[in-house]
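Here are my notes on the model you sent over, set out as numbered points. Have the structure open while you read.

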Amino acid sequence: MGLAFAAGLVAALNPCGFAMLPAYLALVVRGSGDVGAAIAVGRAVAATAAMTLGFIAVFGTFGFLTVSLASTVQKYTPYVTVLIGIALVALGIWLLSGRDLTLSLPNPLPHSTSPAPSGNLGSMFGYGVGYAVASLSCTIGPFLAVTGAGVGGTSVLTRAWIYLAYAAGFALVVGALAVAVALASSALVERMRRIMPYVNRIGGAVLILVGLYVGYYGFYEIRLFTAGGNPADPVIAAAGRLQGAIAGWVHLHGAWPWVVLLAVLLAAAFLLARLAHSGVIWRCRRSRADPATVGDEA
């Protein structure tokens, strides 16, 4: 289980799907700039849980398949990766043109109490599925290795715990980054309001870049596996150096930096929520004590 957890930590930063992580964080920013810290962090946690569920659903399906069948299906994943890249580019163009999407993040409050765009957990689940499909070529081998290590002589329940450990490692990295981005965007709400009209276009530009890279990576794998292409590619090599440095740092330091970061961020969000609540109570008491200020407070 410890090995599966460690593999999950690095899985979020795999070479194939690494580019989709910044796009996910951009979606978190897009939905967190005009709400309080507690709401922004809660939405980031919910979105991460749904995205992780979609990710592990794909890998769990492969895990329950036989190795031979999984290898057969894996041959076709580069083509699906190309399609995912095209879909991301199309969504990016849609946002860059000034149009809006209302499915990026879940909204835990009624429409009347929050100005944030509404959404659903299904959208983040779908993004997790796309993240997993784009990551299969790089990550399914290690996943089958670490999960298969606990299969012999063990029950289905034990194997499920191994899958959950893998998902927990993935969710810890993605969740810590998402909470950090959500908390930062909500804390800088005044500055975020100035760029809110441009957030969709900024997110669209990010999605276009991510889609181009994901599609290019799928095409690179198709050339490599079916056409005997040259594995030396300057674009893949440049992205691989960045991804390798980050993944290497995560592998070297393990889970504790992410656990500490997540704990500190959640504590900060709780403190900000309490301070905001105390400020509301103080203003209400002041209004009751001085009726002349009621109109101003309103």
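1. Confidence first, since this is a predicted model. Helix 3 comes out with the highest confidence in the chain, at a mean pLDDT of 85, while helix 11 (residues 294-297) has the lowest, at 48. Across the chain the average pLDDT is 74, and 73% of the residues reach at least 70.

2. One stretch I'd flag is residues 102-119, where pLDDT stays under 50. The model still draws 44 contacts for that stretch beyond four places in sequence. Please read those contacts with the low score in mind.

3. On the overall build, the chain has 11 helices and zero strands, so to speak an α run from the N terminus on. Of its 298 residues, 43% are buried. Among contacts with a separation of 6 or more, 80% join residues 24 or more positions apart. The chain exposes about 14,900 Å², and carbon and sulfur atoms supply 72% of that area.

4. Which residues touch the most other members of the largest nonpolar core? They are Met 20, Tyr 24, Tyr 127, Tyr 131 and Tyr 166, in a core of 68 residues. Helix 7 (residues 156-187) gives the most to this core, 14 residues in total.

5. Tyr 127 is a good one to click on. Leaving out residues up to four places away in sequence, Tyr 127 touches Met 20, Ala 23, Tyr 24, Leu 27, Met 51 and Leu 88. Two of those partners, Met 20 and Tyr 24, are also on the list of core residues that touch the most other members.

6. Now the rings. The count comes to 12 aromatic pairs. Take Phe 55 and Tyr 131: their ring centres are 5.7 Å apart and their planes sit at 85°, so this pair is edge-to-face. Phe 55 belongs to helix 3 (residues 37-64) and Tyr 131 to helix 6 (residues 121-148), so the pair links distant parts of the chain, 76 residues apart. Both rings belong to buried residues: Phe 55 has 1% relative accessibility, and Tyr 131 has 0%.

7. Compare that with Trp 249 and Trp 258, another edge-to-face pair, at 6.4 Å centre to centre and 80° between the planes. Here the two partners fall in separate classes. Trp 249 is partly exposed because its relative accessible area is 41%, whereas Trp 258 is buried because its value is 10%.

8. Phe 55 and Tyr 131 also belong to a wider cluster linked by ring pairs. Its other members are Phe 59, Phe 143, Tyr 163, Tyr 166 and Phe 170. Tyr 166 turned up earlier too, as one of the core residues touching the most other members.

9. Is Gly 204 buried or exposed? Gly 204 counts as buried because its relative accessibility is 0%. This glycine is found in helix 8 (residues 189-226). Its C-alpha atom is separated by 4.8 Å from that of Leu 96, although the two are 108 residues apart along the chain. Setting aside residues up to four places away in sequence, Gly 204 touches Gly 92, Leu 95 and Leu 96.

10. Thr 77 is placed in helix 5 (residues 77-96). With 4% relative accessibility, Thr 77 counts as buried. Beyond its neighbours within four places in sequence, Thr 77 is in contact with Val 133, Leu 136 and Ser 137.

11. Over to Ala 6, in helix 1 (residues 2-11). Ala 6 counts as partly exposed because its relative accessibility is 32%. Gly 169 is 163 residues from Ala 6 in sequence, yet the two are 6.3 Å apart in space, C-alpha to C-alpha.

12. Last, the charges. How many salt bridges does the structure hold? The structure holds one. It joins the side chains of Arg 223 and Asp 233, at 3.5 Å from N to O. Arg 223 is in helix 8 and Asp 233 is in the loop between helix 8 and helix 9 (234-253), 10 residues apart. Arg 223 is partly exposed, at 24% relative accessible area, while Asp 233 counts as buried, at 8%.

Methods:
Residues are numbered from 1 along each chain as its sequence is written. Side-chain values use heavy atoms; hydrogens and water are left out. Helices (H or I, at least four residues) and strands (E, at least two) are DSSP runs, numbered from the N terminus. Buried means under 20% relative accessible area, exposed over 50%, partly exposed in between (1.4 Å probe, protein chains only). A nonpolar core is a set of buried Ala, Val, Leu, Ile, Met, Phe, Trp, Tyr and Cys residues joined through side-chain atoms within 4.5 Å. Contact means heavy atoms within 4.5 Å. Rings of Phe, Tyr and Trp (its six-membered ring) pair if their centres lie within 6.5 Å; planes under 30 degrees apart count as stacked, over 60 as edge-to-face and the rest as tilted. pLDDT is the predictor's confidence in each residue, from 0 to 100. Accessible areas come from the Shrake-Rupley method with a 1.4 Å probe; for residues, only the protein chains shown count as cover. A salt bridge is a side-chain nitrogen of Lys or Arg within 4 Å of a carboxyl oxygen of Asp or Glu.
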